[in-house]
Structures are given as C-alpha cells and as structure tokens.
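Q: I have this model open on my screen and would like a close look at a single part of it. Could you walk me through one helix and what surrounds it?

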Amino acid sequence: DMLYSDALSTMVDGVKDGIDMVLAGYDEVTVDDRTIYSAGIDIQKLISRVEAFDIYFNGRDYKFQGYIWNRMFKREIIKNADIRFDESIYYKEDGLFLVQYMCAMKGRVYYTTKPVYKYVIHQDSSMGQISPNISDRFMTNLDARVKSLSMIRESELPKAVEKDAEKSVFSFLQWIKGLMTQSGSIQYNRLLNATLVAVWSIGIVSFTGMVFKSLRAKLTNMS
C-alpha cells in the first residue's frame, strides 16, 4: 500500500476553521498495480457529521468508506476524548476508532473523492484469509459493531444513524451465516451466540423487523 505523492497536500487543502475531519478517496489495485476499483467521480464539498456517518455505513460514492488511511483527524479531539484503538478488537478496529472519533467531533467534514491512497489487494491479507472455521478473533468484528452502536446511542445522534448502526450488526450476522453455509460447515454454537448478541444489542422488535424484511427480499428475488 502507499500514499500518492500529493496525498498530504490534498488533505491539508481541506483543513479550515470548523473542519474536524478530512475524508478523501482511494484506489484499489492488484499486486501488479492494475486498478480494479476507483470512484471515478470528482467531488469536493463540506458535509455534516451525520452525513459522514451515512458515508461510513452506506458507502455512497464508494463501496466502502470505513478505512482510516484516507482521513485526517484533529489531534485535539483524539486527546480530549481519549480515543484509542481497542486492543481486544482484531477485525473492524479501524471502524470502531472512526465511530468513536465521529461521536466526539462537533464540526464539519471536508469530503473529496480525489484518491490519496493506493490500497493493494492481497489474497493473503487478514480479510482474504477468512476460513470456513470462523475464529474468535474474526468474531471481534461483531464486538466492534456492537460497541459502535452503543457509542452512537450514547451520543444522541439522529435515529437514522442509530438505525444504520443496528443494520451493521444485523448484516454481520447474515454475512457469517452465509460464509458458514457456503463452506458447508455451520458452527451452530458460534452462530447462536452471535444471534443472541445481535438481538440483545439491536432489540427484539427491531431485530424481528430486520429478519422479516430480509425474508421478504429473498422471496421477492426468488419470484
């Protein structure tokens, strides 16, 4: 992986009064430097904290925007809020850091789709090595999502942000179930524990609604 030569200047250009974070674009490339993903659009604008959460959870101009290497943070906010990487989290620890930071910030975000980072996709990376035998370390991805949901609720953000955080927990549950089904090896105890954690964190009413919505979508696709 590498930063582009103009990465720092691109992000510094966005540092102005009232800006608490800079969010830039990125490219995904193969090990032989072949671009396999890029936003392909040119956007520079100021967005609110709520809009930044929307981009984090839903991607928008990018398929995923939960990385930290294409962002610039204020040291003051990190220090005052005592934001640190959670050493108990092995997957999605960067996302948990981002949520904690965005909950602590009060200003706006400078958003640009101009790529500042070249992300090299390796098959032997941590995400590329997810095996059918889903490990305890991999399951900390769920822990990160649950902690993120709790932080968002405590920050009294709009209900839409909380709903996105709830969907993030539910989507992980669907993801691991899909991985297990695809591999032909269902880890029932692990899946049951993850389901209980999801129900507890989301709430039985919201969780049940998501289950029915998911089933309805599957039936629609089958018809």
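A: Let's start with a helix contact. Val 50, Phe 53, Asp 54, Phe 57 and Asn 58 of α2 meet Val 161, Asp 164, Ala 165 and Ser 168 of α6. Keep in mind that this is a predicted model.

How do the two helices sit against each other? The axes of α2 and α6, the latter covering residues 159–183, are 10 Å apart, and the packing angle is about 15°. Angles under 35 degrees count as roughly parallel, so α2 runs roughly parallel to α6. The crossing of α2 past α6 is left-handed.

Now look at α2 itself. Arg 49, Ala 52, Phe 53, Ile 55, Tyr 56 and Phe 57 are its buried residues. Two of these names, Phe 53 and Phe 57, also turn up in the contact with α6. Right after α2 comes Gly 59, with a positive phi near 80°.

Carry on past the glycine and you get to Tyr 62, in the loop between α2 (49–58) and β5 (71–73). This tyrosine is worth a stop. Tyr 62 is buried, and Tyr 26 is buried as well. The model has 19 aromatic pairs in total. One of them is Tyr 26 with Tyr 62, a stacked pair with 4.7 Å between the centres and 25° between the planes. Tyr 26 belongs to strand β2 (residues 19–29), and the two tyrosines are 36 residues apart, which makes this a link between distant parts of the chain.

Tyr 62 has another ring partner, Tyr 37: here the arrangement is edge-to-face, at 6.2 Å centre to centre and 65° between the planes. Because Tyr 37 is in strand β3 (residues 35–38) while Tyr 62 is in the loop between α2 and β5, this pair ties together parts 25 residues apart in sequence. Tyr 37 is buried, just as Tyr 62 is.

Step back a little and these rings turn out to belong to one aromatic cluster, made up of Tyr 26, Tyr 37, Tyr 62, Tyr 67, Trp 69, Tyr 117 and Tyr 119.

While you're on β3, have a look at Ile 36, which lies in that strand. Ile 36 is partly exposed, with a relative accessible area of 40%. Neighbours within four places in sequence aside, Ile 36 is in contact with Glu 28, Val 29, Thr 30 and Ile 121. Ile 121 is 85 residues away along the chain, yet its C-alpha is 9.2 Å from that of Ile 36.

For another helix pair to set beside α2 and α6, go to α4 (residues 93–104) and α5 (residues 140–154): their axes are 9 Å apart and they pack at about 5°. That angle makes α4 roughly parallel to α5. On the α4 side the contact uses Leu 96, Val 99, Gln 100 and Cys 103, and on the α5 side Ala 144, Lys 147, Ser 148, Met 151 and Ile 152.

Leading into α4 is the loop that starts after α3 (75–80), and Glu 87 is found there. Glu 87 counts as exposed, at 74% relative accessibility. Its C-alpha is 46 Å from that of Ser 223, which is 136 residues away along the chain.

One last ring to check is Tyr 110: the charged end of Lys 16 sits over it, 5.2 Å from the ring centre.

How values were computed: Residues numbered from 1 in each chain as written. Predicted model: local features only at pLDDT ≥ 70, side-chain atom pairs only at ≥ 80, totals over all residues. Heavy atoms only, no water. Phe/Tyr/Trp six-rings, centres within 6.5 Å; stacked < 30°, edge-to-face > 60°. Helix = DSSP H or I, 4+ residues; strand = E, 2+ residues; numbered from the N terminus. Buried < 20%, exposed > 50% of the residue type's maximum accessible area, 1.4 Å probe, protein only. Lys NZ or Arg CZ within 6 Å of the ring centre and 35° of its normal. Axes fitted to C-alpha atoms, helices over the stretch in contact; angles between N-to-C directions. Parallel < 35°, antiparallel > 145°, perpendicular 65-115°, else oblique. Left-handed = near helix turned anticlockwise from the far one by under 90°. Contact = heavy atoms within 4.5 Å.
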